[in-house]
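Here's a quick tour of a protein model for anyone just getting started with structures. Have a look at it first, then read on for the overall build, the charged pairs and a couple of residues worth finding.

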Amino acid sequence: MKNRFTYICESCGSIYAIKKDLMLCPLCRENDLEGKPLKGVLKVQLPANLKKNKKVFDAFDIHDYLPVERKYFPSLPVGNTPLIKARNIEKESGYSNLFLKFDGTNPTGSYKDRASFLVSAFANKFKLNNIALASTGNAASSMSGIAAAAGQKTFIFLPSSAPKAKLIQCLQYGATLIPIKGNYDSAFDLSLKFSAATGYLNRNTAYNPMTIEGKKTASFELISQLKKDIDFVFIPVGDGVCLDGVIKGFLDLNFLGLIKRIPRIIGVQSKGSRFIYDAFNRNIFNLNYKASTIADSISVDAARNGYSAVNSLKRVNGDVILVSDNEILMAQKYLSENSGIFCEPSSAASYAGFLKYRANIRTKDIVVMMLTGHGLKDIESAQKIVKLPEPIEPDIDFILKKLRVR
Ligand SMILES: *Cc1c(COP(=O)(O)O)cnc(C)c1O
């Protein structure tokens with residue numbers, strides 16, 4: 001299997017051929033997956049011969065490094081999101097290389113499109129026309145939209161408390177929505193039972209290996225956009241698949257000889273959703289943990305990719321830190337006002353994390369903050385920190401006086 005993409009089990013190292021119904025390592029997986037991090041998560045391994053056809057950054061095509069051939073992908077432009085130099089923030093903070101990677105420009109407005117794109121192509125290749133998944137909101141709207149482009153059907157399990165915009169997105173894209181009177185964790189388990197009963201492809205994060213693999217693409221883009229080594233990457237963390245995917249991307253780039261060192265990867269969690277923080281820093285995998293944070297996209301009880309994310313972080317000498325909901329909301333507002341990027345609360349955690357961690361960062365270091373989702377996806381949270389002015393009479397003298405601009 002030297003010249004083929006394969007799966008490798010992140011815990012026991014067994015190698016498998018990629019098959020349509022292989023999701024977790026049969027040796028390591030547990031029968032009962034309910035409410036726990038998954039054991040035996042599979043990662044895609046690049047064929048060794050890819051090393052030989054080394055390309056310069058400008059010439060490389062991400063499709064060469066993905067396990068599904070280009071022809072199977074839907075015709076939506078996913079990824080290649082802008083990397084923005086945060087000039088105003090640099091000026092104020094004294095740092096000279098602060099970059100915002102804004103994934104809100106993806107077709108459905110979040111980083112999740114990177115995973116859905118590959119899952120959709122995988123489903124297409126194996127002629128699986130129905131896809132089921134659980135989501136806190138973004139994976140749902142993402143899979144619905146990408147599947148709509150591909151002509152596939154989606155069945156979405158999610159907590160009925162998900163932000164309205166994300167629910168409406170799913171319905172607009174024509175997905176079958178199954179809102180649960182319960183949290184994300186119960187939706188996760190229910191969707192697995194649904195897939196088992198119907199044979200529909202399951203896109204649950206970490207469970208489907210294509211989710212981690214799809215999320216590696218941002219690392220490839222970062223290297224081709226910056227064309228030099230990166231010192232720090234800040235990533236919001238819920239289930240830990242974005243984090244793991246980004247690390248996987250840098251490890252692949254290193255394997256291919258395209259980078260010499262892996263950036264310092266800093267995961268950022270909310271104080272109200274700290275499963276991976278506790279697992280990484282205190283070796284506590286608290287299965288009874290109950291998450292509660294304003295950043296819905298990173299609100300998870302037991303991080304499904306907990307084991308793999310912690311292992312990957314240790315492997316690359318990364319770190320995980322906590323920020324408060326208030327710090328998240330302040331960071332969101334600050335970013336909107338000073339960079340023109342309006343991202344959702346979970347994404348703003350990246351910037352809040354940078355502020356918290358900056359004592360460890362030199363002013364010349366190259367720092368990337370992953371802004372994973374668009375702010376318009378959750379207006380209610382964003383509204384907590386601004387005040388809509390009362391309407392006034394259309395009287396110019398009154399307005400000039402009130403605004404004190406003259
Ligand atoms: C899903 C999501 C995250 C967190 O990703 P995990 O893989 O769950 O850690 C962060 N930000 C946004 C906008 C997301 O949708």
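A salt bridge here is a side-chain nitrogen of Lys or Arg within 4 Å of a carboxyl oxygen of Asp or Glu. Searching the whole structure for such pairs turns up 26 salt bridges. Keep in mind that this is a predicted model, so every value below is computed from predicted atom positions.

**Overall build**

- The protein chain contains 14 helices and 13 strands.
- Why does a radius of gyration of 21 Å fit a compact globule? Because a compact globule with 406 residues would have a value near 22 Å, and the 21 Å of the protein chain agrees with that.
- If you box in the C-alpha atoms along the principal axes, you need roughly 75 × 45 × 45 Å.
- Of the 406 residues in the protein chain, 58% are buried.
- Take the contacts between residues at least 6 apart in sequence: 72% of them join residues at least 24 apart.

**Surface and charge**

- About 17,500 Å² of the protein chain is exposed, and carbon and sulfur atoms supply 52% of that area.
- The protein chain carries 55 positive and 37 negative charges. The mean positions of these two sets are 5 Å apart.

**Salt bridges to look up**

- D252 pairs with K248, and their closest N and O atoms are 2.9 Å apart. Both residues sit in helix α8 (residues 241-255), with their positions 4 residues apart, or about one turn of the helix.
- Are these two partners buried or exposed? D252 counts as buried because its relative accessibility is 7%, under the 20% cut-off. K248 counts as buried too, at 8%.
- D365 forms a salt bridge with R362, and here the closest N and O atoms are 3.0 Å apart. D365 is buried, with a relative accessibility of 6%, whereas R362 is exposed, with a relative accessible area of 60%.
- Salt bridges can also link up by sharing partners: K101, D103, R114 and E221 are joined into one network that way.
- E30 bridges to K36, with 3.8 Å between the closest N and O atoms. E30 counts as partly exposed because its relative accessibility is 24%, and the partly exposed range runs between 20% and 50%.

**Two residues to find**

- D278 belongs to helix α9 (residues 275-282). At 8% relative accessibility, D278 counts as buried.
- Which residues does D278 touch, leaving out those up to four places away in sequence? The answer is N283 and I284.
- I180 is part of strand β8 (residues 176-180). With a relative accessibility of 12%, I180 counts as buried.
- Leaving out residues up to four places away in sequence, I180 touches F157, L158, P159, S160, S186, A187 and L190.
- Try finding L66 as well: its C-alpha atom is 34 Å from that of I180, and the two residues are 114 residues apart along the chain.

Methods: Residues are numbered from 1 along each chain as its sequence is written. This is a predicted model: local features need pLDDT of at least 70, side-chain atom pairs count only at pLDDT 80 or more; totals for chains, interfaces and linings use all residues. Side-chain values use heavy atoms; hydrogens and water are left out. Helices (H or I, at least four residues) and strands (E, at least two) are DSSP runs, numbered from the N terminus. The radius of gyration is taken over C-alpha atoms; the globule rule is 2.2 Å times the number of residues to the power 0.38. Buried means under 20% relative accessible area, exposed over 50%, partly exposed in between (1.4 Å probe, protein chains only). Contact means heavy atoms within 4.5 Å. Accessible areas come from the Shrake-Rupley method with a 1.4 Å probe; for residues, only the protein chains shown count as cover. Lys and Arg count as positive and Asp and Glu as negative; His and the chain ends are not counted. The place of a charge is taken as NZ of Lys, CZ of Arg, CG of Asp or CD of Glu.
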